[in-house]
Amino acid sequence: MAHVQQAEELIEGTLDHVLYVNDESGYSVAIVDCEEADGTRKRVTVVGNLAGIEVGAGIRARGHIEKHPRYGEQFRVVDFETIRPAGVAAIERYLVSEIKGVGPALARRIVEHFGEELGRVLDENPERVREVHGLGAVVASRIVAAWRDSSGLRELTVFLRGHGIGAAYARRIHKIYGKDSLEVIRRDPYILARTVHGIGFRTADAVAEKLGIPRNSLQRARAAILFLLERMAEEGHVYVPLPYLESQFREGLEMDVELASQALEELRESAEVVCEPAEEHLAVYLRRLHDAETGVASRLHALTQGRPIARAVVERALAAGERASGVQLSTEQRRALRCALESKVTVITGGPGTGKTTLLKSLVAALGAAGIKPALAAPTGRAAQRLAESCGREAKTIHRLLEYSPETGGFVRGPEFPLRTNYVVVDEASMMDVELAASLLGALMPESSLLLVGDRDQLPSVGPGSVLKDIIVSGLVPVIELREVYRQARESTIVSNAHRLNRGEFPDISNRPDGDFFFFERAAPDDVLQTVKQLVQNRLVGRFGIRDPGDIQVLTPMNRGPLGTHALNQELQRLLNPTGREIRSGDRVLREGDRVIQLRNDYERMVFNGSIGRVLTVDPERGRMTVAFEDTHADYDLSDMDELALGYAISVHKSQGSQYPAVVMTVHPSHYLMLRRNLLYTAITRAERVCVLVGTRSALQQAVRNADERRRFTRLAERLRVG
């Protein structure tokens with residue numbers, strides 16, 4: 001036991017780094033950098049409840065010195081308050097840790113701009129931070145508000161912990177609302193569910209109940225409607241039928257349906273939702289999704305009315321395109337090439353091995369012959385990289401093409417500053433959700449042409465909508481489907497099995513030694529797991545051009561369950577990366593070298609939902625890490641860890657738009673809710689060199705038989721048909 005010296009003392013300094021933190025209780029072990037009376041620096045180990053304080057923040061702590069038999073002298077904190085950081089270095093760290101929208105690069109620019117005068121500027125004229133290049137008004141206002149009163153985080157942390165919400169959430173909320181955080185939450189606790197990822201309606205509802213908000217209040221009803229609309233959007237729906245909302249009020253929330261009608265009317269008046277007739281029910285939209293859907297429809301209609309490329313130019317371009325391909329284009333490929341040149345908006349769809357890549361290469365050459373320099377784009381980094389490699393020219397993600405600006409919170413490119421190109425090609429267009437499609441179409445010049453290329457049989461986008469399929473079924477624009485599978489592709493069992501699936505046929509699982517498609521039958525979940533681990537660790541490595549486990553991606557239909565992503569990732573991390581520098585948040589552990597996946601769009605870091613990366617460095621003391629993605633590096637701290645998950649095993653949905661040298665997929669009865677033909681098809685077509693399924697024949701048969709594609713509530717096709 002530590003021997004306690006009871007004399008109470010006061011220390012003041014900067015929280016230099018954190019050695020340990022329990023996110024639930026707030027207990028921490030940290031180092032505080034203090035300045036002595038003679039100007040020398042002293043580093044003090046402090047222990048106690050430091051919940052809510054970040055590295056780089058100033059701290060004034062009251063407590064006493066104790067001598068621990070193992071760890072030596074340390075300062076036991078009885079009480080503390082946060083104070084403004086002193087010194088330029090401390091301010092820089094404070095800005096990164098405390099202000100949402102300020103990363104290391106921007107903080108460095110602020111420090112370099114003001115130098116040693118930064119503290120005085122923030123004290124006397126903080127609005128001057130707008131002088132820094134790239135610092136937008138929103139972020140500047142956050143800096144000003146936080147500096148004028150940097151208190152409030154501790155009180156917020158204590159309040160939230162009393163309602164079962166951890167300190168990491170307190171830091172995230174404080175970054176958004178600053179000193180007003182606690183007042184904002186007391187006024188509207190449901191804002192927690194709307195603005196903080198990871199806090200659901202049930203948690204916010206429990207806080208509201210403790211604050212005395214009645215269960216049958218209009219405030220609760222409004223929040224419930226917005227929550228249900230957001231939840232349905234996360235499941236891919238653009239709108240929600242009113243009868244569904246009413247049933248959720250009756251059964252899920254035990255609220256009066258009449259209250260839902262009153263709340264809905266208030267939300268309509270405040271323009272937060274839009275209601276309109278659809279088929280036999282009333283469609284209820286979040287305003288942003290209604291704007292996106294109507295925007296896509298109106299822009300597509302406008303584009304189809306544009307002036308096409310002159311016929312003589314088309315003929316010259318066709319000849320150039322055929323020469324550039326280096327192979328004889330098939331009849332359907334020539335027809336698709338002509339259509340893409342003659343039409344203002346075209347859709348080309350086809351399964352694996354049907355020549356989409358060859359066609360795109362020919363199209364780029366044809367457009368060059370016509371004096372047109374197309375912009376090439378795809379929804380993900382991997383898809384953009386493959387597009388660039390196949391066409392021999394630059395391709396970007398749609399987000400980078402549109403030039404997202406963290407300072408303004410939106411895309412630079414839009415109706416007032418459109419893309420400077422007359423032709424845009426989007427590959428893997430089935431992944432494009434309705435909001436991204438609206439942003440892209442809004443950034444095209446009126447006379448632009450658009451080509452959407454994709455596989456209509458894949459899963460729809462992770463985000464709301466079913467844009468590619470809706471455009472196809474609407475009949476508004478010409479659609480060319482490539483059906484012929486070319487000889488080299490026919491030799492691949494991956495390709496032939498993908499087409500078998502589309503015809504509703506059971507795949508070839510003969511496991512030919514020289515093949516690229518294998519099925520290992522395992523019934524017990526533990527046996528499936530052991531086989532997956534063997535495949536990833538050694539059975540595939542050294543074969544099929546697989547260099548190491550990093551070339552192998554495990555896919556599974558679900559996140560939960562004995563063979564879901566959570567369970568598989570824990571096992572694979574223990575197998576492939578069991579030790580090393582690590583960072584912990586609750587029961588989650590990330591180590592240097594871990595494969596990780598981004599779970600939602602982060603426009604400030606320019607890292608997007610489904611991006612796969614690798615943890616490069618971990619600083620456990622400061623609670624920070626750096627992750628390398630395909631086209632960027634990003635820094636994360638403890639409060640951002642819920643944006644990442646282990647990526648050794650990912651859901652099939654998250655794999656869309658990506659391809660991997662090797663795919664190992666679990667197909668098991670425990671996944672029965674998700675076993676569908678298009679999900680299995682999407683998984684198989686992610687594999688470049690080898691695909692291995694592990695599970696049961698019955699589960700595989702169920703996936704083949706189940707052609708049901710879960711309907712998404714969207715009215716885009718209807719809007720495109722009616723004009």
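**Exercise 1. Determine how helix 15 and helix 16 pack against each other.**

Solution. Step 1: in this predicted model, helix 15 spans residues 331-342 and helix 16 spans residues 356-369. Helices here are DSSP runs (H or I, at least four residues), and strands are runs of E of at least two, both numbered from the N terminus.

Step 2: the two helices pack at an angle of about 40°, and their axes are 10 Å apart. That angle makes helix 15 oblique to helix 16. Angles under 35 degrees count as roughly parallel, over 145 as roughly antiparallel, 65 to 115 as roughly perpendicular and the rest as oblique; they run from 0 to 180 degrees between N-to-C directions, with axes fitted to C-alpha atoms, for helices over the stretch in contact.

Step 3: the crossing of helix 15 with helix 16 is right-handed (near helix turned clockwise from the far one by less than a right angle; left-handed if anticlockwise).

**Exercise 2. Identify the residues through which helix 15 meets helix 16.**

Solution. Step 1: helix 15 contributes Gln 333, Ala 336, Leu 337, Ala 340 and Leu 341. Their partners in helix 16 are Thr 358, Leu 359, Ser 362, Leu 363, Ala 366 and Leu 367. Contact requires heavy atoms within 4.5 Å.

Step 2: by class, the residues of this contact are eight nonpolar, three polar and no charged.

Step 3: an α-helix has 3.6 residues a turn, so residues three or four places apart point the same way.

Step 4: the buried residues of helix 15 include Gln 333, Ala 336, Leu 337, Ala 340 and Leu 341; Glu 332 and Cys 339 are buried as well. Buried means under 20% relative accessible area (exposed over 50%, partly exposed in between; 1.4 Å probe, protein chains only).

**Exercise 3. Describe the surroundings of Leu 535 and of Asp 642.**

Solution. Step 1: Leu 535 lies in helix 23 (residues 525-539) and is buried, with a relative accessible area of 2%. Not counting residues up to four places away in sequence, Leu 535 touches Phe 520, Leu 540, Ile 552, Val 664, Val 692 and Val 694.

Step 2: Asp 642 occupies the loop between strand 24 (633-637) and strand 25 (644-646). At 18% relative accessibility, Asp 642 also counts as buried. Leaving aside neighbours within four places in sequence, its contacts are Arg 172, His 197, Arg 588, Leu 599 and Arg 600.

**Conventions.** Residues are numbered from 1 along each chain as its sequence is written. Local features need pLDDT of at least 70, side-chain atom pairs count only at pLDDT 80 or more, totals for chains, interfaces and linings use all residues, and side-chain values use heavy atoms, leaving out hydrogens and water.

Note on methods
Nonpolar A, V, L, I, M, F, W, Y, C, P; charged D, E, K, R; others polar.
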